[in-house]
Amino acid sequence: MNKILKRRKEICIIYNRLYYFFYRKKNTKHTKQKMGTHIWISPERSNQYTVEYPNGNVYCGEMRDGMRWGHGLMMYQRGGNYEGFWKRDRKHGFGKRLYRNGDVYRGNFRKGTREGQGSYRWPDEKADYYCLWKNNEIVQVTGKVDLALS
């Protein structure tokens, strides 16, 4: 469960007992967009943003034209996160998705769905399964790596 603590000059996100701090510096712009969306802009890099959405999700990363575009990290309020590349507000390119039940997917995304090669690990399994994906579904399992042996 994510927890977000806000103060005047910082946001502290508690995710899986880890603390992530995002500070507002003197020259940092802070804007409040529609529906309670908060955006912090890093003064060092003009394309680095921290966005807090009304549903509690927090995005830290690059943006273009008001959309997530480039490398970024999305922390979901209900648990889980995604770190990887974005294009036009959708996961696109290589990324790692950690689901709240403990599943982990590492691989390619295309227009927000798992597409191409990727590995998947279920929390009760001690192995990574390498698969070909199409439209978020496994087309073919190409290999298995037993983590207990490595």
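Q: Why does Thr 113 count as partly exposed?
A: This is a predicted model, in which local features need pLDDT of at least 70, side-chain atom pairs count only at pLDDT 80 or more, and totals for chains, interfaces and linings use all residues. Residues are numbered from 1 along each chain as its sequence is written, and side-chain values use heavy atoms, with hydrogens and water left out. Buried means under 20% relative accessible area, exposed over 50%, and partly exposed in between (1.4 Å probe, protein chains only). Thr 113 counts as partly exposed because its relative accessibility is 22%.

Q: Which residues does Thr 113 touch, leaving out those up to four places away in sequence?
A: Contact means heavy atoms within 4.5 Å. Thr 113 lies in strand β12. Beyond residues up to four places away in sequence, Thr 113 touches Asn 108, Asn 135 and Asn 136.

Q: What distance separates the C-alpha atoms of Thr 113 and Lys 91?
A: These two residues are 22 apart along the chain. Their C-alpha atoms are separated by 7.2 Å.

Q: How many strands does the chain have?
A: Helices (H or I, at least four residues) and strands (E, at least two) are DSSP runs, numbered from the N terminus. The chain has 0 helices. Read along the sequence, the pattern is β-β-β-β-β-β-β-β-β-β-β-β-β-β. The number of strands is 14.

Q: How many bridges join β13 and β14?
A: Two strands pair if DSSP finds at least two bridges between them. β13 covers residues 127-134, and β14 covers residues 137-146. They pair in the antiparallel sense, and Asp 128 stands opposite Val 145 in β14. The number of bridges is 8.

Q: Which residue in the turn between β13 and β14 has a positive phi?
A: The two strands form a hairpin, with 2 residues between them. A positive phi of about 50° occurs in this turn, at Asn 135.

Q: Which salt-bridge partner does Asp 128 have?
A: A salt bridge is a side-chain nitrogen of Lys or Arg within 4 Å of a carboxyl oxygen of Asp or Glu. Asp 128 is buried because its relative accessible area is 7%. Its partner counts as partly exposed, at 24% relative accessibility. The side chains meet at 2.7 Å, N to O, and the partner is Arg 121.

Q: Where in the chain is Asp 89, the salt-bridge partner of Arg 68?
A: The closest N and O atoms of Arg 68 and Asp 89 are 3.0 Å apart. The pair links distant parts of the chain, 21 residues apart, with Arg 68 in strand β8. Arg 68 counts as buried because its relative accessibility is 13%, whereas Asp 89 is partly exposed at 30%. Asp 89 is in the loop between β9 and β10 (90-98).

Q: Which residue forms a salt bridge with Glu 115?
A: The closest N and O atoms of this pair are 3.9 Å apart. Glu 115 is in strand β12, and its partner is in strand β13, 19 residues apart. Glu 115 counts as buried at 16% relative accessibility, whereas the partner is partly exposed at 49%. That partner is Lys 134.

Q: Which strand gives the largest share of the largest nonpolar core?
A: A nonpolar core is a set of buried Ala, Val, Leu, Ile, Met, Phe, Trp, Tyr and Cys residues joined through side-chain atoms within 4.5 Å. The largest one has 15 residues, and Tyr 59, Met 74 and Trp 86 have the most contacts inside it. β7 (58-64), β9 (81-87), β11 (104-110) and β13 each supply at least two residues of this core. The largest share, 4 residues, comes from β13.

Q: What accessible area do Trp 122, Ile 138 and Val 141 have together?
A: Patches are made of residues with over 30% relative accessible area and no salt bridge, with like charges joined within 9 Å and nonpolar side chains (Val, Leu, Ile, Met, Phe, Trp, Tyr) within 5 Å. Accessible areas come from the Shrake-Rupley method with a 1.4 Å probe; for residues, only the protein chains shown count as cover. Trp 122 is in the loop between β12 (113-121) and β13, and counts as partly exposed at 32% relative accessibility. The three residues form a nonpolar patch on the surface, with a joint accessible area of about 250 Å².

Q: What percentage of the residues count as buried?
A: The chain exposes about 9,800 Å², and carbon and sulfur atoms supply 48% of that area. The chain has 150 residues, and the portion counted as buried is 37%.
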